[in-house]
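Good morning, and thank you for making time for this presentation. I would ask you to look at the structure first, and I shall then take you through its main features in turn.

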2 protein chains.
Amino acid sequence: MTETPPRRDHGVPAAVPRVRLVDVAREAGLSKTTVSAALNGTGRLSPAVRERAREVARRLGYRPNPTARLLRAGHARLIGYAVGEYPTGPGSYMDSPYFTQLTSAIATTALRHGYALVLLPTGSSPDEWADLPLDAAIVADPLADDPLVEGFIAARIPLSSDRSVEGRSGTHWVDVDAEAAVREVLDHLRAQGARRIAVVAPDTPTSFYTAALDAYRRWCAEQGATPLVTLSTRPGNGPAVEAVERSLTTPDRPDALFMLTEANPPLVLDAARRLGLSVPADLLLVCASEDTSAAHADPPVTTLSLQPVSVAEKGVELLVAALESGSLEPTGALVRTRLEIRTSSERGGEPAGGAALRRRGRQEAEYTSAPPT
Amino acid sequence: MTETPPRRDHGVPAAVPRVRLVDVAREAGLSKTTVSAALNGTGRLSPAVRERAREVARRLGYRPNPTARLLRAGHARLIGYAVGEYPTGPGSYMDSPYFTQLTSAIATTALRHGYALVLLPTGSSPDEWADLPLDAAIVADPLADDPLVEGFIAARIPLSSDRSVEGRSGTHWVDVDAEAAVREVLDHLRAQGARRIAVVAPDTPTSFYTAALDAYRRWCAEQGATPLVTLSTRPGNGPAVEAVERSLTTPDRPDALFMLTEANPPLVLDAARRLGLSVPADLLLVCASEDTSAAHADPPVTTLSLQPVSVAEKGVELLVAALESGSLEPTGALVRTRLEIRTSSERGGEPAGGAALRRRGRQEAEYTSAPPT
DNA sequence: TTGAAAGCGTTACCAA
DNA sequence: TTGGTAACGCTTTCAA
């Protein structure tokens, strides 16, 4: 006989009492075990029984309880995700194309490996996610002594983050090769004839920007050049544009600008234009940005991509590998950036307007104008 | 005596056998019940015992198993989130400021109500999330007969989406008032002197764009004006800019442009400039966009905000209210858009460059240039 | 004040 | 081939 436990509802008033495995079993005149095997395609069951169990389950609208399965399975296939940067400021990290692409790619990659991503609040305390059945976590751009990072490590939850966690048990890191990236940009600008290369960078302790500024200063020292650094103190396009204006109106007016601060490239061009500077004739421009508008700007803007997709993939892969193998061995990887050279940083490049005029030549036939009513 | 069940490891090789409640109980010489009460602050325990239990738990590094608590509690406080638009195209929905702000706001609002968001893949089949213990789901901009929407409804998982789910049991909808939005924009442009208002819209079946185009055509009919519609067929800034160029080179050249397609506003200005059109003197411009660069463009661009934050808040609130009350009663809400009028749509507005020249006057002292090395 | 035992809903082992 | 029973780890009722 199958047991018939009396149901004692507790908690939220359940509108419809959920159909459980026992309910299906009772209705089908089978045992829980048999029905479970039938639905999961496991065990050795006669086709007739299997089909009957399935039919009854379908008829009753049975849905296995995910939480119960999770408890049995011992893992939830859930990865927590948080971004450490800009803990306070207005406008979340989602305003940055770098972070949106990173977030999107992490979610996609995790999903491909069978894990779903749980969005955690920036700057939250470890207690808030203690009730979530997370198998692992990813913290992008952690703050110094990030409470989230420390919390996950203390909870022995495998963690993927940046180089600041290097070597700690159960952690994995991915970082961008800032040194190489900066050198590539500066060497490129110098080869194009730039002699006074200014940099606009955000005033954050984020590892990439710190490392990038260090690399810039080293490069300047090697070249015997004067570092020209302007800091943008708050996130957002407004402050970034102001920083550009300040940078370009310096006594020793630069002949090239390397925007490390993430800003909308057309806006940077606007700023230069307002100051009477023609890009690339008077000013070479390179923007560290993932903004797709760079390619369509006038002139198209050279960008340094921090390759958020690669960072995401590597971070997830290291984490998943450790998860599957059960290893606590820390691992890490360095990702190469990508310099996409466009007109804005090529001495002798076409001035603004050129590309557009050409484009107007091959007007497409897709135009649809509704007829007069 | 406390039971001492032999641990039989199964599944992934656990590097460190997790500390369970019984382990703490045994070590402290107490029962599971007592330790549980001590840690949760429930029951009536002597301060001494409570402290001892806590001390032992701390010493052993005990972490309650979230899944087990969830099974008891009957809910996971997890909300699934997916976006239906652009199921195939390259570049995810995360490329759009509207969706990033929506996503960010939904996550924040949900968290504030005690729910965490689980990112689901766009266009996934219902099987893929069947193992996730979701209490509810949100599908932004669902496709027609979206499999995700149908799956959630079939699984009796409370759902928040757009108006297409209106009236179905356990569903909630939030939509933007497209009709009112379009009328406000067109009336504004007409009041500024526009007579031939062109529209560029994406070629998607998304409810907002469909409704907006309908409203535009109705308005034109009322005014006895000719609808001038150009469709941008693919997502992204490139196709949007091309559509703008097509729209502005029409035989009956428009004197105002209403960009429904989400594009980077400075890029739209660029396109107009390349065609020899000065904004706002020759062309009034309004962009439906959440892009913050609109305010900093030259001239600043008037935007129609679809208020993703309001949409997010309302959607989550309706869902949470239903979750807490256990009601299956469908609910819904209409959100008002917001027209942010700037120079680009004001006849007689300041030409490009003006704002910047003023700004250069009050140069700030924040500039930091490193001294020569 | 403390603790034994009964669930929560599922899957896996092993006996019938 | 099928089914009883014992976990998974926790909270809670109820009896001592």
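Let me begin with the aromatic residues. The model before you is a predicted one, and over all its chains it holds six aromatic pairs. One of these is formed by A:Phe208 and A:Tyr209, whose rings meet edge-to-face, with 5.3 Å from centre to centre and 70° between the planes. Both A:Phe208 and A:Tyr209 are buried. In chain B, B:Phe208 and B:Tyr209 also make an edge-to-face pair, with centres 5.3 Å apart and planes at 70°. B:Phe208 counts as buried because its relative accessibility is 9%, under the cut-off of 20%. B:Tyr209, at 13% relative accessibility, therefore counts as buried too.

I turn now to chain A as a whole. Chain A contains 13 helices and twelve strands. Of its 373 residues, 51% count as buried. If we take the contacts in chain A between residues at least 6 apart in sequence, 66% of them join residues at least 24 apart. The area that chain A exposes is about 16,200 Å², and 52% of that area is supplied by carbon and sulfur atoms.

The next topic is the DNA. Which residues come nearest to DNA strand D? Of the 24 residues around that strand, they are A:Thr33, A:Thr34, A:Ser46, A:Val49 and B:Leu21. In each of chains A and B, helix 2 (32-40) and helix 4 (66-73) supply at least two residues of the surface near DNA strand D. The largest share, four residues, comes from helix 2 of chain B.

On the DNA side, sugar or phosphate accounts for 59% of the atoms of strand D within 4 Å of the protein, and the rest belong to bases. Some individual contacts may help you to find your way. A polar side-chain atom of A:Arg72 lies 3.2 Å from a base nitrogen of DNA strand D. For B:Thr33, a polar side-chain atom is 3.2 Å from a base oxygen of DNA strand D. The side chain of B:Ser36 has an N or O atom 2.9 Å from a phosphate oxygen of DNA strand D.

Finally, I should like to consider the backbone. Most residues other than glycine have a negative phi, and most peptide bonds are trans. Where does A:Arg77 lie? A:Arg77 is found in the loop between helix 4 and strand 1 (78-83) of chain A, and its phi is positive, near 55°. A:Arg77 has a relative accessibility of 32%, so it counts as partly exposed. The charged end of A:Arg77 sits over the ring of A:Tyr115, 5.1 Å from the ring centre. In chain B, the charged end of B:Arg77 sits over the ring of B:Tyr115, again 5.1 Å from its centre.

B:Gln307 has a positive phi as well, of about 50°. This residue, B:Gln307, lies in the loop between strand 10 and helix 12 (308-325) of chain B. With 21% relative accessibility, B:Gln307 counts as partly exposed.

As for peptide bonds, the one from A:Asp298 to A:Pro299 is cis, with omega near 0°. A:Pro299 belongs to the loop between helix 11 (293-296) and strand 10 (302-305) of chain A. In chain B, a cis peptide bond joins B:Asp298 and B:Pro299, with omega about 5°, and B:Pro299 is in the loop between helix 11 (293-296) and strand 10 (302-305) of that chain.

Terms used
Residues numbered from 1 in each chain as written. Chains lettered and ligands numbered in written order. Predicted model: local features only at pLDDT ≥ 70, side-chain atom pairs only at ≥ 80, totals over all residues. Heavy atoms only, no water. Buried < 20%, exposed > 50% of the residue type's maximum accessible area, 1.4 Å probe, protein only. Contact = heavy atoms within 4.5 Å. Areas by Shrake-Rupley, 256 points an atom, 1.4 Å probe, with all protein chains shown as cover. Phe/Tyr/Trp six-rings, centres within 6.5 Å; stacked < 30°, edge-to-face > 60°. Lys NZ or Arg CZ within 6 Å of the ring centre and 35° of its normal. Near = heavy atom within 4 Å. Polar contact = N/O pair within 3.5 Å; in protein donor to acceptor, adjacent residues only side chain to side chain.
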